[in-house]
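Subject: Handing over the structure

Hello,

Here is the structure I promised to pass on. My notes on what turned up in it follow below.

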Protein chains: 2
Amino acid sequence: MSPKQPRGEETARRLLAAALEVHEHKGPEGFTVQAVTSTSGISLGSLYHHFGSFDGLAAALYARCMADLLDALIASLERTRTARTGVRAVVVAYLRFAEEQPAKARFIHASSYAGFLPAHTAAIAAAKAPRIERLQSWARPHAETGHIVDLPDPLTEMLLIGPVAETARRWLAGDPTIDLKQASRVLPERIWQSLRGPQE
Amino acid sequence: MSPKQPRGEETARRLLAAALEVHEHKGPEGFTVQAVTSTSGISLGSLYHHFGSFDGLAAALYARCMADLLDALIASLERTRTARTGVRAVVVAYLRFAEEQPAKARFIHASSYAGFLPAHTAAIAAAKAPRIERLQSWARPHAETGHIVDLPDPLTEMLLIGPVAETARRWLAGDPTIDLKQASRVLPERIWQSLRGPQE
DNA sequence: CCAGTACTAGAATATTTCTCTAGAAACTTG
DNA sequence: CAAGTTTCTAGAGAAATATTCTAGTACTGG
């Protein structure tokens, strides 16, 4: 399952890259084993050798894309000190990720209800957990000092990510009324207004 | 395409109901023509007679679910007068719709990137347009008087719907950390904070 | 009651899907 | 260099897919 020779690592990488390209160009319906093997030039057997199943490859790709997104958020966030600048940084970073890496963002969003997630929940959670932890440990002190509202656990995240994810989702789906630049100008301050705590 | 005999209308209804049930119980992957004909007890020929293609049926179901959701929002919204109560009403109504009609909500969310949408954009937009118009015409006066912030067009909607849609999405996907009751208690006021305008 | 239209039925078709197997080639280690 | 493991190729196979087609049944308007 995990490559033990450099050569294998390389072909696994190629398969993931090809899979992302296929999903981007042909959509979720055209996302098939054969399409991935054709555009990667790598045989069916190799794919099954490395990932066990097609769902296994999809799950691995999902974990990688999600990790890239979270890393982008973390990188922006950990340059900040105050609650307000942190919130604004995350919002802008998410929108920028969608704009600069639309294929990855589209794959993440399109896979929310995909069939491969339930089977590989554990592996995906393992990739997400440490990154989520870093984000939460940034937020915790600000919630305790009252600079950010102290809400039940996932709700703060919903308020922060919700508007941005919805904006990105529609833009990625081709909605022509969405302007990402405009969104990164307007949304940060408004989202901050929904998160600011009693302690100014 | 549109039924001209009462008998036809009835089987079209049964097909849509069966389609929703199949999608709910077997997920997007198990959402197939054969599954729909089996569980509805209605023949392949009838399905194609009424909807032209399987994508046609999916698009019709999507339009109907979306209409139901928007109608629920409108019904709650138009009982209100002030900007604040209106915003809160929409938030609560969306969460209640997800809880009471999870199958419809799940179908809507799961279809965001589905292949059938692009082909039937026009028909779906026709079902949505008048309802969206009613929602916007509620918001317009409040934006003009400054009780709600006057932002570029889709952004107000993103701030209002974003956190709620994300919360519903995760709950529908089986996230056990989401508590809808808690969300309808906390989110309305916070979302209002992000939307309130300069004119108090 | 007759003609024409709406509707229903179900088999047949042509593609396309994922998965598996068996063995050859390449690399690593002792 | 030799043994053992990893990686890769190629192709076969079984199951499932959306759609088309032909034929038959119910309804409706005149």
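One definition to begin with: Ala, Val, Leu, Ile, Met, Phe, Trp, Tyr, Cys and Pro count as nonpolar, Asp, Glu, Lys and Arg as charged, and the others, Gly among them, as polar. By that scheme, the surface near DNA strand C has eight nonpolar, 11 polar and three charged residues.

Now the ground rules. This is a predicted model, in which local features need pLDDT of at least 70 and side-chain atom pairs count only at pLDDT 80 or more, while totals for chains, interfaces and linings use all residues. Residues are numbered from 1 along each chain as its sequence is written, chains are lettered from A and ligands numbered from 1 in the order in which they are written, and side-chain values use heavy atoms, with hydrogens and water left out.

**Chain A overall**

Chain A has 10 helices and zero strands. Helices and strands here are DSSP runs, numbered from the N terminus (helices: H or I, at least four residues; strands: E, at least two). The C-alpha atoms fill a box of roughly 60 × 40 × 25 Å along the principal axes. Of the 200 residues in chain A, 50% are buried. Buried means under 20% relative accessible area, exposed over 50%, and partly exposed in between (1.4 Å probe, protein chains only). Contact means heavy atoms within 4.5 Å. Among the contacts in chain A with a separation of 6 or more, 72% join residues 24 or more positions apart.

**What the record says**

UniProt lists "domain: HTH tetR-type" (unreviewed entry) at residues 9-69 of chain A. That span is 82% helix and 0% strand, with its end C-alpha atoms 22 Å apart. UniProt also places a "DNA-binding region" (unreviewed entry) at residues 32-51 of chain A. Here the figures are 80% helix and 0% strand, and the end C-alpha atoms lie 14 Å apart. UniProt positions are given in the numbering used here, feature names are shortened, and annotations may be inferred rather than shown by experiment.

**Around DNA strand C**

Which residues come nearest to DNA strand C? Of the 22 residues around the strand, they are V33(A), Y48(A), K4(B), T11(B) and H50(B). Sugar and phosphate account for 68% of the strand's atoms that come within 4 Å of the protein. A residue is near a strand or molecule if one of its heavy atoms lies within 4 Å of it.

Both chains contribute. α1 (6-26), α2 (33-40) and α3 (44-51) of chain A, with α1 (6-26) and α3 (44-51) of chain B, each supply at least two residues of this surface. The largest share, five residues, comes from α3(B).

Three polar contacts involve phosphate oxygens of DNA strand C. A polar contact is a pair of N or O atoms within 3.5 Å; within protein, one must be able to donate a hydrogen and the other to accept it, and residues adjacent in sequence count only if both atoms are side-chain atoms.
- F54(A): a backbone N or O atom lies 3.0 Å from a phosphate oxygen.
- T11(B): an N or O atom of the side chain is 3.0 Å from a phosphate oxygen.
- S43(B): a polar backbone atom is 3.2 Å from a phosphate oxygen.

**Helices α6 and α8 of chain A**

Helix α6 (residues 102-110) is mostly covered, with seven of its nine residues buried. F107(A) and I108(A) are among them.

Helix α8 (residues 121-144) has a kink of about 35 degrees at K128(A), shortly before the proline P130(A). The bend at a residue is the angle between axes fitted to the seven residues ending there and the seven starting there. The buried residues of α8(A) include W138(A) and H142(A). They pack against α4 (54-77), α5 (83-100) and α7 (116-119) of chain A. Just after α8(A), G146(A) takes a positive phi of about 85 degrees.

**Three residues to look up**

I42(A) sits in the loop between α2 and α3 of chain A. I42(A) is buried, with a relative accessible area of 10%. It touches T11(A), R14(A), L15(A) and T37(A), not counting residues up to four places away in sequence.

T80(B) lies in the loop between α4 (54-77) and α5 (83-100) of chain B. T80(B) is buried too, at 15%. A polar atom of its side chain lies 2.6 Å from the backbone oxygen of L77(B).

D153(B), in helix α9 (residues 153-172) of chain B, is exposed at 61%.

Best wishes
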